[in-house]
Amino acid sequence: MSIDKIGILGAGRAGTALARAAASGGIHVTIAGSRPARLMKYHLAQYAPQAIAVDAADIAKDVQLVALMVPQEDLDDIDSESLAGSLLIDATNRWNDEPLPHWLQSAIDRGLSSSEAIAEHFSQSRMAKALNHISHWDLDADRASKSAARRALGIAADSPQDAALVASLVCQLGFTPVQLPDLAAGQALEPTGQIFNEVLGAEEFIRRIGSENQV
Ligand SMILES: NC(=O)c1ccc[n+]([C@@H]2O[C@H](COP(=O)([O-])OP(=O)(O)OC[C@H]3O[C@@H](n4cnc5c(N)ncnc54)[C@H](OP(=O)(O)O)[C@@H]3O)[C@@H](O)[C@H]2O)c1
């Protein structure tokens, strides 16, 4: 299984870093910010020249998956209908100083991880947690050095098929995928988890999350 086409929602630091890394791996990238596509020309020329700007409403069209790379406080502005039926990678993070949409805060207060809460909100989409625990600097690093380092990136999803698809993307970006058993286990990847922002090979990654948490 290989990834040929992805959409990225969010054209900031994280979104454009993924766009550059994916494009350099031969993946066709469409990207959307909060502005209409026609106003993205100069921004993309500077930050993600190989990516194609589309309107946010069209981000899920004709791609294998969509990476969600907008701040959580802006999730309310995203039309969940436009993402219906697609596989979403939740690459967002919960920061304590960030005001959250009411539905997200109340789901977290009910004990859900932020990804489970986001999955509940975007219930017409499938969800995987990934690409959130690496900084945009490291995501964007030169492919040869990434391959040499073989840094492990975690993938948490309830569907093994979806996890495998995201694992393909992670490999194509030059990293080593580590699959966690379900979406809830993705808490380990969040800012309060054991893995966040840690540069680890697969062996040490698995040791930290516990082998029972690896598929
Ligand atoms: N920065 C990192 O190293 C990094 C790494 C992994 C994960 N993350 C996570 O990724 C998320 C984004 O972080 P960031 O650092 O990339 O933030 P950022 O630089 O502030 O960029 C946010 C982007 O989201 C766009 N956006 C906001 N509302 C939108 C909407 N309704 N539809 C489409 N696009 C929208 C903004 O577009 P406009 O500018 O047009 O408003 C902007 O391009 C956060 O949850 C963060 O924790 C960040």
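Visitor: Is Gln-161 buried or exposed?
Guide: Bear in mind that this is a predicted model. Gln-161 belongs to helix α7, which covers residues 160–172. Exposed means over 50% relative accessible area. Gln-161 has a relative accessible area of 57%, so the label for Gln-161 is exposed.

Visitor: How far apart in space are the C-alpha atoms of Gln-161 and Gly-201?
Guide: Along the chain, Gln-161 and Gly-201 are 40 residues apart. Going from one C-alpha atom to the other, the separation is 24 Å.

Visitor: Let's turn to Phe-196. Is Phe-196 buried or exposed?
Guide: You'll find Phe-196 in the loop between β8 (176–180) and α8 (202–209). To count as buried, a residue has to be under 20% relative accessible area. Phe-196 comes in at 18%, so Phe-196 is buried.

Visitor: And what is the distance in space between Phe-196 and Asp-4?
Guide: In sequence, Phe-196 and Asp-4 are 192 residues apart. Taken from C-alpha to C-alpha, their distance in space is 28 Å.

Visitor: Which residue offers its backbone oxygen to the side chain of Ser-82?
Guide: Ser-82 is part of the loop between β4 (65–68) and β5 (87–90). Ser-82 counts as buried because its relative accessibility is 18%. A polar atom of the Ser-82 side chain lies 2.6 Å from a backbone oxygen, and that oxygen belongs to Asp-79.

Visitor: Now for the ligand. Where does the ligand sit?
Guide: Around the ligand there are 25 residues, and the ones that come nearest are Gly-12, Arg-13, Ala-14, Ser-34 and His-136. As for its place in the protein, the ligand sits in the largest pocket.

Visitor: How many residues of the shell around the ligand are charged?
Guide: Sorting the shell by class gives 12 nonpolar residues and 9 polar ones. The charged residues in the shell number 4.

Visitor: What percentage of the ligand's accessible area does the protein cover?
Guide: Start with some polar backbone atoms that meet oxygen atoms of the ligand: one from Arg-13 lies at 3.0 Å, one from Asn-93 at 3.1 Å, and one from His-136 at 2.7 Å. On its own, the ligand has 900 Å² of accessible area. Of that area, the protein covers 80%.

Key: Residues are numbered from 1 along each chain as its sequence is written. This is a predicted model: local features need pLDDT of at least 70, side-chain atom pairs count only at pLDDT 80 or more; totals for chains, interfaces and linings use all residues. Side-chain values use heavy atoms; hydrogens and water are left out. A residue is near a molecule or strand if one of its heavy atoms lies within 4 Å of it. A polar contact is a pair of N or O atoms within 3.5 Å; within protein, one must be able to donate a hydrogen and the other to accept it, and residues adjacent in sequence count only if both atoms are side-chain atoms. Accessible areas come from the Shrake-Rupley method with a 1.4 Å probe; for residues, only the protein chains shown count as cover. On a 1 Å grid over the protein atoms alone, a cavity is a set of points where a 1.4 Å probe fits but cannot get out, and a pocket is an open set with protein on both sides within 12 Å along at least five of seven lines; lining residues have an atom within 4 Å of a point. A molecule sits in a cavity or pocket if more than half of its atoms lie within 2 Å of its grid points. Ala, Val, Leu, Ile, Met, Phe, Trp, Tyr, Cys and Pro count as nonpolar, Asp, Glu, Lys and Arg as charged, and the others, Gly among them, as polar. Helices (H or I, at least four residues) and strands (E, at least two) are DSSP runs, numbered from the N terminus. Buried means under 20% relative accessible area, exposed over 50%, partly exposed in between (1.4 Å probe, protein chains only).
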